[in-house]
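Let's work through a protein model together, one small exercise at a time. Try each task yourself before you read the solution.

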Amino acid sequence: MTVGTTKLHLAAAMGVTAQKKTVLITGVSRGLGRALALELARRGHSVIGCARSSDKVSSLQTELASLNPAAASSSSSASPHLITTVDVRSDTSIKELAKHVVESRLIPDIIVNNAGTINQNNKIWDIPAEEFDMVIDTNIKGTANILRHFLPLLIEKKHGIIVNMSSGWGRSASAEVSAYCATKWAVEGLTRSVAKELPLGLAVIALSPGVVNTDMLTSCFGSSAALYQSPESWAPRAATMILSLTTEDNGASLTV
């Protein structure tokens, strides 16, 4: 039994989801991020979400509102969620998001750095520079931008959990996904380094989601991706595990 699985079983036994949290998730327009946002909202937690696609952000806003119709229909009830269009690659945009979060009094208890992308299957010499840069800018710099502007808020709050989404390919490697592997190995190293910088009350964890049938997996595996679990099947276990994380997990590399 893995450490992650053990923690998941303990979390379920202890009912750790009872305390309501505010959770910031990047990359909520599809896949793991969207499924996780909806799962947490169903459990009564507040979600701060961002993504690049305004259409998909609007769609998620509508679905979240349907989970809390009383707030959606009442002019006196504020929505418990904040979903907005933001590109994590832009440091300026993340700075503005942090400012908006403070003004909205929605300082997160948990941050999930989920936004990510992958290169099309190709040998390193055939990956265009622009595509390589996009993977680096999203997966590494996007994560760093969130840490840069949100960690000070958590430090001031004196508690908080940061989850940096990693991958099995952040702990191993495969041909033709060198750009992606490089970024996920970087996320693992970044997490371990930042863990040594955090004050008491905070923790940062590298979390591999396992193998899930997302658009990125289809990019690599083709039709074989359909053999794996869906984001909707993955989200309940992931949510329980993420909600159960504590400062004792600081610097850990875990798997859902």
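Below are five exercises, each with a worked solution.

**Before you start**

This is a predicted model, in which local features need pLDDT of at least 70 and side-chain atom pairs count only at pLDDT 80 or more, while totals for chains, interfaces and linings use all residues. Residues are numbered from 1 along each chain as its sequence is written, and side-chain values use heavy atoms, with hydrogens and water left out.

**Exercise 1: The overall picture**

Task: Find how many helices and strands the protein has, and what share of its residues count as buried.

Solution.
- Step 1. Look for helices (DSSP runs of H or I, at least four residues) and strands (DSSP runs of E, at least two), numbered from the N terminus. The protein has 9 helices and 7 strands.
- Step 2. Sort residues by relative accessible area with a 1.4 Å probe, counting protein chains only: buried is under 20%, exposed is over 50%, and partly exposed is in between. Of the 256 residues, 46% count as buried.
- Step 3. Turn to contacts (heavy atoms within 4.5 Å). Among the contacts with a separation of 6 or more, 71% join residues 24 or more positions apart.

**Exercise 2: An enclosed strand**

Task: Explain why strand 6 is described as largely enclosed by the rest of the structure.

Solution.
- Step 1. Locate strand 6 at residues 202-208.
- Step 2. Check its two faces. Leu202, Val204, Ala206 and Ser208 point one way, Ala203, Ile205 and Leu207 point the other way, and all are buried.
- Step 3. Draw the conclusion: because 7 of the 7 residues of strand 6 are buried, the strand is largely enclosed by the rest of the structure.
- Step 4. Look for a partner, remembering that two strands pair if DSSP finds at least two bridges between them. Strand 5 (residues 160-165) pairs with strand 6 in the parallel sense over 6 bridges. In this pairing, Met165 stands opposite Leu207.

**Exercise 3: Helix 2 meets helix 9**

Task: Name the residues that Leu36 contacts, leaving aside its neighbours within four places in sequence.

Solution.
- Step 1. Place Leu36 in helix 2. Leu36 is buried, with a relative accessible area of 2%.
- Step 2. List the contacts of Leu36 beyond those neighbours: Ile25, Val112, Trp234, Ala235, Ala239 and Ile242.
- Step 3. Compare sequence with space. Leu36 and Trp234 are 198 residues apart along the chain, with their C-alpha atoms separated by 8.5 Å.
- Step 4. Now start from Ala235, which is found in helix 9 (residues 231-244). Ala235 also counts as buried, at 2% relative accessibility. With neighbours within four places in sequence again left aside, Ala235 is in contact with Ala35, Leu36 and Glu39.

**Exercise 4: Empty space**

Task: Which residues line the largest cavity, and which are closest to the centre of the largest pocket?

Solution.
- Step 1. Learn the terms. On a 1 Å grid over the protein atoms alone, a cavity is a set of points where a 1.4 Å probe fits but cannot get out, and a pocket is an open set with protein on both sides within 12 Å along at least five of seven lines; lining residues have an atom within 4 Å of a point. Grid points are joined across faces, edges and corners, and a volume is the space filled by probe spheres set on the points.
- Step 2. Take the cavity. The structure holds 1 cavity of 30 Å³ or more. The lining consists of Thr26, Val88, Asn113, Asn114, Ala115, Thr138, Gly142 and Thr143. Helix 6 (residues 129-157) gives the most to this lining, with 3 residues.
- Step 3. Take the pocket. The largest one holds about 820 Å³ of space. Of its 38 lining residues, Asn114, Gly116, Thr117, Thr214 and Met216 are the closest to its centre. Helix 8 gives the most to the pocket lining, with 5 residues.

**Exercise 5: Two positive phi angles**

Task: Are Arg105 and Lys158 buried or exposed?

Solution.
- Step 1. Arg105 sits in the loop between helix 5 (91-103) and strand 4 (110-113). Although Arg105 is not a glycine, it has a positive phi of about 55°. Arg105 is exposed, with a relative accessible area of 78%.
- Step 2. Lys158 lies in the loop between helix 6 and strand 5. Its phi is positive too, at about 75°, although Lys158 is not a glycine. Lys158 is exposed, with a relative accessible area of 61%.
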